[in-house]
Amino acid sequence: MRVISGHLGWVRSIAVDPSNDGLQPELETIWDLATGTLKLSLTGHISSVRGLAVSSRHPYLFSCGEDKMIKCWDLEYNKVIRQYHGHLSGIYCMSLHPTLDVLVTGGRDATGRVWDIRTKNQIFALTGHQGTIADVKTQEADPQIITASSDSTIKLWDLAAGKATCTLTNHKKSVRALAINPNEYTFASASTDNIKQWKCPRGDFIQNLAGHNSIVNTLAINQDNVMFSGGDNGSMYFWDYKTGYNFQTAEAAAQPGSLDSENGVFCSTFDQTGLRLITGEGDKTIKIWKEDERATPETHPVNFKPEIVRPKY
Amino acid sequence: MDRGSRNVKVKNKNAAAVQITAEQLLREAQERSAETPHVAPKQKIADIDELNDYRQKKRKGFEDAIRKNRNHIGTWLKYAAWEEQQGELERARSVYERSLDVEHRNQSLWIKYAEMEMKHKNVNMARNIFDRAVAILPRVDLFWYKYTYMEEVIDNVAGCRQVFERWMSWEPSEDAWLAYVKLEKRYNENAKARAVFQRFVSCHPQAKNWLKWAKFEEGIGRTDFAREIYEKCIETLGEEFVDQNVYISFAKFETRLKELERARAIYKYALSKLPKSKAENLHNVYTQFEKQYGGREGIEDVIVAKRRVKYEEEIAANSKDYDVWFDYTRLEESTGDFDRIRDCYERAIAEVPLIKEKRFWRRYIYLWLFYAVWEEKVAKDYDRTKAIYTQCLNLIPHKTFTFAKIWLNYAKFLIRRDDFTGFRKALGTSIGMCPKDRLFRGYIELELKLQEVDRARTLYEKYLTWGPGNSAAWVRFANVERSVGDMDRCRGIFEIAIGQEELEMPEILWKSYIDVEIEEEEYEKARGLYERLLQRSEHVKVWIAFARFEYSNPENGEDPSHRLPAVRKVFSRGYETLRRKGEKADRAFLVETWREFEKSFGDSAGLKIVEAKIPRMVKKRRRVVGDDGIETGVWEEYNDYLFPDDETERPNLKLFEMAHAWKEKLKMGMLDSDDESEEDEDDDSQNGQAGEQAGRSVKRKRENESDEEEDE
């Protein structure tokens, strides 16, 4: 595990640069992933940054924050080249469409907004949620946009029409995180009651992943079907995505000098290889985790005993 | 102003004339509150205008409250209830609809709304509301329960069933399904109930649900179906999910039908399938069943099963506890189920001791032995027996230790199978690999039993080259030769044996050699042997034996009395030798034996001579010498003998005698100076004996003698 500390506040967002392994968390500091050294810090936001996205097709970095601003940074000049106006309140999440030049943001005003990157115009306002949109994800196939809200619903949106195709009401508490599986046509959503998995086009319920009894702030899935969920109390759960078996739990290592109350995982992502897990935490650090090479079936026995019936919802 | 007031000085610091206490204040407040509060005067609504006024005021209040906090559902409910009470159903509905716009997920809103409609018998309205509610919140069972109940109350069973069907399509919890079943049961629709059950168990395949279904079938008298369901349940769930309750319930069901054999089979099947930890109750129930219905055999079966479980537990706790394995295997043997017995033995012998030391193996090896014996005697599977023996012999680390028992048993087994080459080969290997006393002995014994004297001879040769010091082996070898009548060889062997440098217990050898000669009536040779033996060792026992021999020796004369001189000669020779060597205890023993001899066989003259030699016993004291050779402070007593022959050599004896005489005199004359006791000669005796000590044995040298004697 490697710890990068240098931030002066909570690390609320992390994105991995698909091209050159850079790492961009809150306050737009760019770290070199290999050496853990600071490359660059970008200033411009006047309140905390809550979302980051690095384009794989442009040299652009997008950032959004609680100051209702969305900025597009050109990483060749390290300057803001575009700003997108429209949100009525703090912006909590953003997602770049993988193939279209479209940016989706969501925030405290309970609307998701779809932006044309080039013209800076708002294409759609995705209204319907009754609470803060806590997470948004985009993908190439339908549903192209998925939003998770603190009104404990998940909505799947039709990008062409700008309308919700489906509302998933299964969660009982606010849904704070979403993660799309890179291999399957499925996604997972995390709430305090359960982590749930869904089949994609219509949002059919697959299964519950019960056991993470805390506020789940973040989810991440890698190519090997390992799902990570990070809790607000610093608990880290690792799941086998297919079976829903929780094969490992861990506690975020406390940074020297940090308080108990700062012990929370806020954001997480796997790097491009899927072998390193990067978490951003309340103790103002970024931690990079790797697989335990010495783990064997003896040291970490699999005790997988599924019930005869699984909950149907 | 502030600053000024802070600086104001108190002008009069005296206590106030009227003092007010806290109690006073409280009392006063209480008195005032006791006064009747203000009550708004009751208004009588006289006409429609006043009513409208009142309603408008009230509505305004509600609307204001809602405007203040739209999300407070209580206000909405009160508003709607008030409208309903006013008989304004349209308005009440409107309030409910508006509130549902605010919070459509509130259950109590929906329920209250539907209840209002039901109260006013607007069934279709209520249905409409329920339909909307269950569409929006399909997972709230309460709506469904109320909905179905309403349909049933208005005798719309078909509609109720339809609602249930809609509900069941959501695959709800078990209670919901059971509610559906109960409905069908109420209307005696057994076939429909069965269909529901079928879907129920496919949705919730837990064992307990299957049992409910079976119970239902049994209740309506369809035992054939019930049995089928039990079987289907066990088949569907598989071993992993079937618990003891299924079996217990199944068996009890069969018991109720008086199908005792079936029930027993079920119990047995279950006990064989389920691990002990999951079958606690099952055991008890089965025992009870057998007690109630079973014969002796059945009960015994149960007990065996129970004990088996107990042993299994003990083995699980400590798999190397061989005592448990013995008991376990014996238990299995008593049942007579070959496969089980073999299985048990195989498991037992798999528990090889971890440490390669013989004492850890001693008990373990008996498992093998018992196994082999059982295979041979009971199972009569000789190939297996042989395999067991060879396996066992392969297992034992012969380099460090071996078990002759196993080798010999194997050999005997092979002989029983008429496999003589095999038997010789086995024992040959054993002797080559790990020669051992018992192995040789056993092997030779077997060969002798087979009348193979030549083989036995070669074996003895091997045996004795391996262990030339073993007197017993020599004796046995010689006896073998003698038994085949080859006296020359026998003597030769004895001679070689006697000539061995290091012999354990040579006396056995000598004794048997002499005995052989006596038995062969070669008295001269025997005497010669005694003489040779005496050259080697002049032990008192040899002398006594020699004397006895002389007394029984017919060559000394036919009449025993003629043999006396020879005997006396031996005794006196022995006596002299021992005296010369200073072995006092031995000498005393010899004299005693001699006297006994004279008493029983001899004459008075001989007896007198002997009695003159009898020593006196005295007690002496010496310091105990510790292990490290240093004298400790402790004293111990020991016996010493004073021989009359030796008295001349002991000057201080005279002194003793005198002291003795003095003591006698003292007694006679009743003189009373007791304080002059006999303790005062320590120094003298030490000095007197110093010279004598030099000639004594090494052991004696260490003694610190201080005499203190109360002689008899």
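## A loop residue in chain A

Lys284(A) sits in the loop that runs between β26 (276–281) and β27 (285–290) of chain A. Keep in mind that this is a predicted model. The backbone here does something to look at: Lys284(A) is not a glycine, yet its phi is positive, about 70°. Is Lys284(A) buried or exposed? With a relative accessible area of 32%, Lys284(A) comes out as partly exposed, because the partly exposed class covers what lies between the 20% and 50% cut-offs.

Another loop of chain A holds a cis peptide bond. The bond joins Asp142(A) and Pro143(A), and its omega is about -5°. As for where that puts you, Pro143(A) belongs to the loop between β13 (133–138) and β14 (145–149) of chain A.

## Chain A as a whole

What is chain A built from? It has 27 strands and zero helices. Of its 313 residues, 54% are buried. Take the contacts in chain A with a separation of 6 or more, and 44% of them come from residues 24 or more positions apart. The accessible surface of chain A adds up to about 13900 Å², and carbon and sulfur atoms account for 48% of that.

## Chain B as a whole

Over in chain B you'll find 36 helices and three strands. This chain has 712 residues, and 40% of them count as buried. Residues 24 or more positions apart supply 48% of the chain B contacts with a separation of 6 or more. Chain B has an accessible surface of about 42400 Å², with 51% of it belonging to carbon and sulfur atoms.

## Two helix pairs in chain B

Let's start with helix α16 (residues 280–293) of chain B and helix α17 (residues 296–317) of chain B. Their axes are 9 Å apart, and the two pack at an angle of about 160°. α16(B) and α17(B) are therefore roughly antiparallel, and α16(B) passes α17(B) in a left-handed crossing. On the α16(B) side, the contact uses His283(B), Asn284(B), Tyr286(B), Thr287(B), Glu290(B) and Lys291(B). From α17(B) come Gly298(B), Ile299(B), Val302(B), Lys306(B) and Val309(B). Sorted by class, the contact of α16(B) with α17(B) is a mix of four nonpolar, four polar and three charged residues.

Now for helix α4 (residues 73–85) of chain B and helix α6 (residues 107–119) of chain B: their axes come within 11 Å and cross at roughly 5°. So α4(B) is roughly parallel to α6(B). Ile73(B), Leu77(B) and Glu84(B) of α4(B) meet Ser108(B), Leu109(B), Lys112(B), Met116(B) and Lys119(B) of α6(B). The contact of α4(B) with α6(B) has four nonpolar, one polar and three charged residues.

## Two single residues in chain B

Arg194(B) is part of helix α11 (residues 190–203) of chain B. This arginine counts as buried because its relative accessibility is 18%, and the cut-off for buried is under 20%. What does Arg194(B) touch, leaving out residues up to four places away in sequence? The list is Trp213(B), Phe216(B), Glu217(B), Ile220(B), Arg222(B) and Phe225(B).

Glu171(B) is in the loop between α9 (157–168) and α10 (174–186) of chain B. Its phi is near 50°, a positive value in a residue other than glycine. Glu171(B) has 32% relative accessibility, so it counts as partly exposed.

How values were computed. Residues are numbered from 1 along each chain as its sequence is written. Chains are lettered from A and ligands numbered from 1 in the order in which they are written. This is a predicted model: local features need pLDDT of at least 70, side-chain atom pairs count only at pLDDT 80 or more; totals for chains, interfaces and linings use all residues. Side-chain values use heavy atoms; hydrogens and water are left out. Helices (H or I, at least four residues) and strands (E, at least two) are DSSP runs, numbered from the N terminus. Buried means under 20% relative accessible area, exposed over 50%, partly exposed in between (1.4 Å probe, protein chains only). Contact means heavy atoms within 4.5 Å. Accessible areas come from the Shrake-Rupley method with a 1.4 Å probe; for residues, only the protein chains shown count as cover. Axes are lines fitted to C-alpha atoms, for helices over the stretch in contact, and angles run from 0 to 180 degrees between N-to-C directions. Angles under 35 degrees count as roughly parallel, over 145 as roughly antiparallel, 65 to 115 as roughly perpendicular and the rest as oblique. A crossing is left-handed if the near helix is turned anticlockwise from the far one by less than a right angle, and right-handed if clockwise. Ala, Val, Leu, Ile, Met, Phe, Trp, Tyr, Cys and Pro count as nonpolar, Asp, Glu, Lys and Arg as charged, and the others, Gly among them, as polar.
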